[in-house]
Amino acid sequence: MRQAGRYLPEYRALRARAGSFLDLCFTPEWAAEVTLQPIRRFGFDAAILFSDILVVPHALGRTVTFEAGEGPRLEPLDNAARLNALASEANETVFAPVYEAVRRVKAALAPNVTLLGFCGAPWTVATYMVAGRGTPDQAPARMLAYREPDAFARMIDILVDVSSRYLIEQLKAGADAVQIFDTWAGVLPPREFARWSIAPAKAIIARVRRDIPDARIIGFPRGAGASLADYVEQVAVNAVSIDWMAEPCFVRERIQSRIAVQGNLDPLALLAGGAALDRAVDDILATYGKGPLIFNLGHGILPETPIAHVEQTLRRIRGS
């Protein structure tokens, strides 16, 4: 999950200099510096590119802004006519600073530190494009997908195409692996999960591996529950991220027996610290430590998280 953020004073200082969040993402020098800050401070095994999933709609000509304390805002695509008017091609110059940031970070990292790129999954990106903002259960996108499935499918197809090229270029620029974030997969019932989460992920991975056959790809259908087994069976990911709500026995027996898992510390446990954090870390290591595991959070780090709690977690994992 995104390593950099407001919990780090060095990030807050650079964020203040940058002005807007998108300026921070699209200035290679700044994006690279923010990506490297957690590596310098904590010595993580991997660096996660600092960017945002909404750079893709931005490249498709949609206005994207980030309001302080309120999250992203976009022009809503809330009916079939607006969906059908969506540009079918991205402005590739929008992505150029992201690729340059990847190259800068790769050049600065030690050889044993992995660089992870990413994109948002088409369904999750679509939910923000339809509603113009995040909503509690992404009902606007769900409703539009029910009422206007053909127009909605066209948008998903566009996002598959653009996201595939975006990941390919990140890998060519130096990313060692990439992750597809489907943050809102868990709001979909099984039939729609298959159509709007599994099928687009399969299509993206097929296109990426057509250009880069050995591309290493992580999937994250957050909140998928029992449908995670279908995702892993049908989507050719090398690893899958799990959120903190995942049922341990199910994941260990049905998922980790097939591929590596990444996760799944509750961000609130990290925020809480103390004995509760130690127990949460120990539980993950005891549950998944004998199989292929990338220790991580179950979702993004909370801005108010004390640095000392991150350090505590690392000591616990590393056994020091």
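**Figure 1. Strand β3 in the lining of the largest pocket of this predicted model.** Strand β3 gives the most to the lining of the largest pocket, contributing three residues, and β3 is one of the elements that each supply at least two residues there, alongside α1 (9-18) and β2. The space in this pocket amounts to about 1400 Å³. Its lining is made up of 36 residues, and those that lie nearest the centre of the pocket are Arg2, Arg6, Asp52, Pro72 and His299. When the lining residues of the largest pocket are sorted by chemical character, they divide into 20 nonpolar, seven polar and nine charged.

**Figure 2. The hairpin of β2 and β3.** Strand β2 (residues 64-67) and strand β3 (residues 71-74) run antiparallel, and four bridges join them. One pairing to look for is that of Val64, whose bridge partner in β3 is Leu74. Three residues lie between the strands of this hairpin, and in the hairpin Gly69 takes a positive phi near 75 degrees. The view also links back to the previous figure, since β2 and β3 each supply at least two residues of the lining of the largest pocket.

**Figure 3. The open sheet of seven strands.** Following the sheet from one side to the other, the reader meets the strands in the order β1-β4-β5-β6-β7-β8-β9, and the pairing is parallel. Strands β1 and β9 are the edge strands, each of them pairing on one side only. From one strand to the next, the twist averages 25 degrees. Within this sheet, strand β4 and strand β5 (residues 177-182) run parallel and are joined by five bridges, and Cys119 stands opposite Ile180 in β5.

**Figure 4. A cis peptide bond at strand β8.** The peptide bond that leads from Gly263 to Asn264 is cis, and its omega is near -15 degrees. Asn264, the second residue named in this bond, lies in strand β8. Most peptide bonds are trans, which is the background against which a cis bond can be read.

**Figure 5. The second largest pocket and its lining.** About 750 Å³ of space lies in the second largest pocket. It is lined by 30 residues, and the closest to its centre are Gln3, Phe44, Ile294, Phe295 and Asn296. Several elements each supply at least two residues of this lining, namely the strands β1 (46-48), β4 (114-120), β8 (260-265) and β9 (293-297), together with the helix α15 (307-318). Sorted by character, the lining residues of the second largest pocket divide into 19 nonpolar, six polar and five charged.

**Figure 6. The crossing of helices α7 and α8.** Two packed helices are described by the angle between their axes and the distance between the axes. For helix α7 (residues 122-131) and helix α8 (residues 139-147), the axes come within 8 Å and cross at roughly 95 degrees. Angles of 65 to 115 degrees count as roughly perpendicular, and α7 and α8 are therefore roughly perpendicular to each other. On the α7 side of the contact stand Trp123, Ala126, Thr127, Val130 and Ala131, which meet Pro140, Ala141, Arg142 and Leu144 in α8. The residues of this contact divide into seven nonpolar, one polar and one charged.

**Figure 7. Gln138 in the loop between α7 and α8.** Gln138 lies in the loop between these two helices, α7 and α8. Although Gln138 is not a glycine, it has a positive phi of about 50 degrees. Most residues other than glycine have a negative phi, which is the general pattern to keep in mind for this view.

**Figure 8. The second largest cavity and the residues around it.** The structure holds two cavities of 30 Å³ or more, and the second largest has a volume of about 40 Å³. Its lining consists of Trp123, Arg142, Ala145, Tyr146, Val187, Leu188, Pro189, Glu192 and Trp196. The elements that give two or more residues to this lining are α8 and α10 (190-211), and α8 gives the most, with three residues. The lining residues of the second largest cavity divide into seven nonpolar, no polar and two charged. Trp123 and Arg142 belong to this lining, and these two residues are also among those in the contact of α7 with α8.

Note on methods. Residues numbered from 1 in each chain as written. Predicted model: local features only at pLDDT ≥ 70, side-chain atom pairs only at ≥ 80, totals over all residues. Heavy atoms only, no water. Axes fitted to C-alpha atoms, helices over the stretch in contact; angles between N-to-C directions. Parallel < 35°, antiparallel > 145°, perpendicular 65-115°, else oblique. Contact = heavy atoms within 4.5 Å. Nonpolar A, V, L, I, M, F, W, Y, C, P; charged D, E, K, R; others polar. Pairing = 2+ DSSP bridges. 1 Å grid on protein atoms, 1.4 Å probe; cavity = no way out; pocket = protein on both sides within 12 Å on 5 of 7 lines; lining within 4 Å. Points joined across faces, edges and corners; volume = space filled by probe spheres on them.
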